[in-house]
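Hi,

Here is the model I said I would pass on. Have a look at it first, and my notes follow underneath.

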Amino acid sequence: MLALRGLAGGYRGARVLQGVTLDAPAGQVTAVIGRNGVGKTTTLRAVMGLLPGVEGEVTLAGERLTGRPPHLVARAGIGYVPEGRQVFPDLTVEENLRVGQRRPSRQWPPERLFALLPNLRERLRNLGRALSGGEQQMLAIARALVTDPRVLLLDEPSQGLAPMVVRELAAVLRRLAGEGVAVLLVEQNLRLTEAVADRILIMAKGQVVHEASAAAFAAEEEAVRHRWLTM
Ligand SMILES: Nc1ncnc2c1ncn2[C@@H]1O[C@H](COP(=O)(O)OP(=O)(O)OP(=O)(O)O)[C@@H](O)[C@H]1O
């Protein structure tokens with residue numbers, strides 16, 4: 001579904017991505033883990049068209065997205081849940097959902113959306129700022145879903161959430177994959193990663209250096225953690 005080939009680039013004076021190649025298949029959760037600063041967030045930004053001058057190729061079901069501005073990348077079917085959620089604090093949940101929505105969602109009409117994320121229904125008239133961290137995360141996911149994405153990118157969605165809420169989040173991501181969405185998850189939380197991922201990719205120094213199924217990863221976790229994850 002989503003394919004990244006040799007993405008390279010970064011910020012002024014810093015070449016952060018050194019040739020990132022990965023696939024995020026439909027109906028699967030693909031997790032990307034790695035130490036701080038290896039380029040996980042930058043990879044997602046590159047997919048979204050938010051990294052000027054990036055080299056390499058991003059394709060969605062064979063359609064080339066490289067070089068498109070962010071709103072056209074989104075329109076092509078990529079939903080983005082950025083780090084820190086970016087919920088509008090002074091808008092209600094309902095208004096947050098309407099921002100950026102061009103037409104009523106075909107795949108995620110309200111009844112389906114709120115079946116997936118029941119807490120939001122009760123919060124529709126609440127301001128973004130009045131939501132708990134978990135509710136804000138679910139709202140950020142909902143806001144991406146109402147654009148009918150085929151691919152959902154999530155940047156550290158478990159950050160700051162209580163373990164119980166992380167379990168809810170895991171269930172939501174599995175359901176989305178079950179609906180055929182290609183989920184590409186950047187995470188530091190190994191428990192969430194192992195609970196939801198079909199495949200786990202490890203990034204180091206701007207590249208994917210290791211790839212394993214969730215089962216294989218569990219078997220080799222100690223060695224992997226020592227080599228690529230321990231600070
Ligand atoms: N806007 C920016 N301008 C300049 N350098 C940046 C910018 N954003 C990130 N960087 C640098 O790029 C490198 C990669 O950052 P990135 O956020 O992609 O890493 P990451 O793997 O997501 O790490 P983290 O888990 O800390 O978010 C870091 O060295 C970071 O300091």
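I'll start with strand S3 (residues 29–33): five of its five residues are buried, so S3 is largely enclosed by the rest of the structure. Before I go further, keep in mind that this is a predicted model. The mean pLDDT of the protein chain is 93, with 99% of its residues at 70 or more. The ipTM and the pTM both come out at 0.94.

Back to S3. The burial covers both of its faces, with Val29, Ala31 and Ile33 pointing to one side and Thr30 and Val32 to the other. Which strands does S3 pair with? One partner is strand S8 (residues 182–186), which runs parallel to S3 and is joined to it by four bridges. If you want a register for that pairing, Ala31 has Leu185 as its bridge partner in S8. The other is strand S9 (residues 199–204), again parallel and again over four bridges. There, Thr30 stands opposite Arg199.

S9 also pairs with strand S10 (residues 207–213), this time antiparallel, through six bridges. Met203 has Val208 as its bridge partner in S10. S9 and S10 make a hairpin with two residues between the strands, and Lys205 in that hairpin has a positive phi near 45 degrees.

There is a separate pairing pattern to look at too. Four strands make an open, antiparallel sheet in the order S2-S1-S4-S5. Its edges are S2 and strand S5 (63–64), each of which pairs on one side only. Inside that order, strand S1 (residues 2–11) and strand S4 (residues 55–60) are antiparallel and share five bridges. Ala3 is matched with Thr59 of S4 there.

Now the ligand. Around the ligand you will find Tyr11, Ala14, Val16, Gly34, Asn36, Gly37, Val38, Gly39, Lys40, Thr41 and Thr42. Two elements give two or more residues to this shell: strand S2 (14–24) and helix H1 (40–47). H1 has the largest share, with three residues. Sorted by class, the shell has four nonpolar residues, six polar ones and one charged one.

H1 is worth a look in its own right. Seven of its eight residues are buried, so H1 is largely enclosed by the rest of the structure. The buried ones are Lys40, Thr42, Thr43, Leu44, Arg45, Ala46 and Val47. Just after H1, Gly49 takes a positive phi of about 80 degrees.

On to the core. In soluble globular proteins, nonpolar side chains tend to be buried together. Here the largest nonpolar core has 64 residues, and Val151, Leu153, Leu173 and Val183 have the most contacts inside it. Helix H6 (residues 133–145) supplies the largest share of this core, seven residues. What does Val183 touch, once its neighbours within four places in sequence are left aside? Its contacts are Val29, Thr30, Leu152, Leu173, Leu176 and Ala177. Two names in that list, Val29 and Thr30, take you back to S3, where both are buried.

A few backbone spots to check while you have the model open. Most residues other than glycine have a negative phi. Gln86, however, has a positive one, near 55 degrees. Gln86 sits in the loop between strand S6 (78–81) and helix H3 (93–98). With 13 C-beta neighbours inside 10 Å, Gln86 counts as partly exposed. Asp148 also has a positive phi, near 55 degrees. Its place is the loop between H6 and strand S7 (151–155). Asp148 has 18 C-beta neighbours inside 10 Å; buried starts at 20, so Asp148 counts as partly exposed.

Last one: Glu221, in helix H10 (residues 221–229). Is Glu221 buried, exposed or partly exposed? It is partly exposed, because 15 other C-beta atoms lie within 10 Å. Glu221 and Leu190 are 31 residues apart in sequence, and their C-alpha atoms are 9.9 Å apart in space.

Cheers

Technical notes: Residues are numbered from 1 along each chain as its sequence is written. A residue is near a molecule or strand if its C-beta atom, placed from the backbone, lies within 6 Å of it. Ala, Val, Leu, Ile, Met, Phe, Trp, Tyr, Cys and Pro count as nonpolar, Asp, Glu, Lys and Arg as charged, and the others, Gly among them, as polar. A nonpolar core is a set of buried Ala, Val, Leu, Ile, Met, Phe, Trp, Tyr and Cys residues joined through C-beta atoms within 7 Å. A residue is buried if 20 or more other C-beta atoms lie within 10 Å of its own, exposed if 12 or fewer, and partly exposed in between; C-beta atoms are placed from the backbone. Two residues are in contact if their C-beta atoms, placed from the backbone, lie within 7 Å. Two strands pair if DSSP finds at least two bridges between them. pLDDT is the predictor's confidence in each residue, from 0 to 100.
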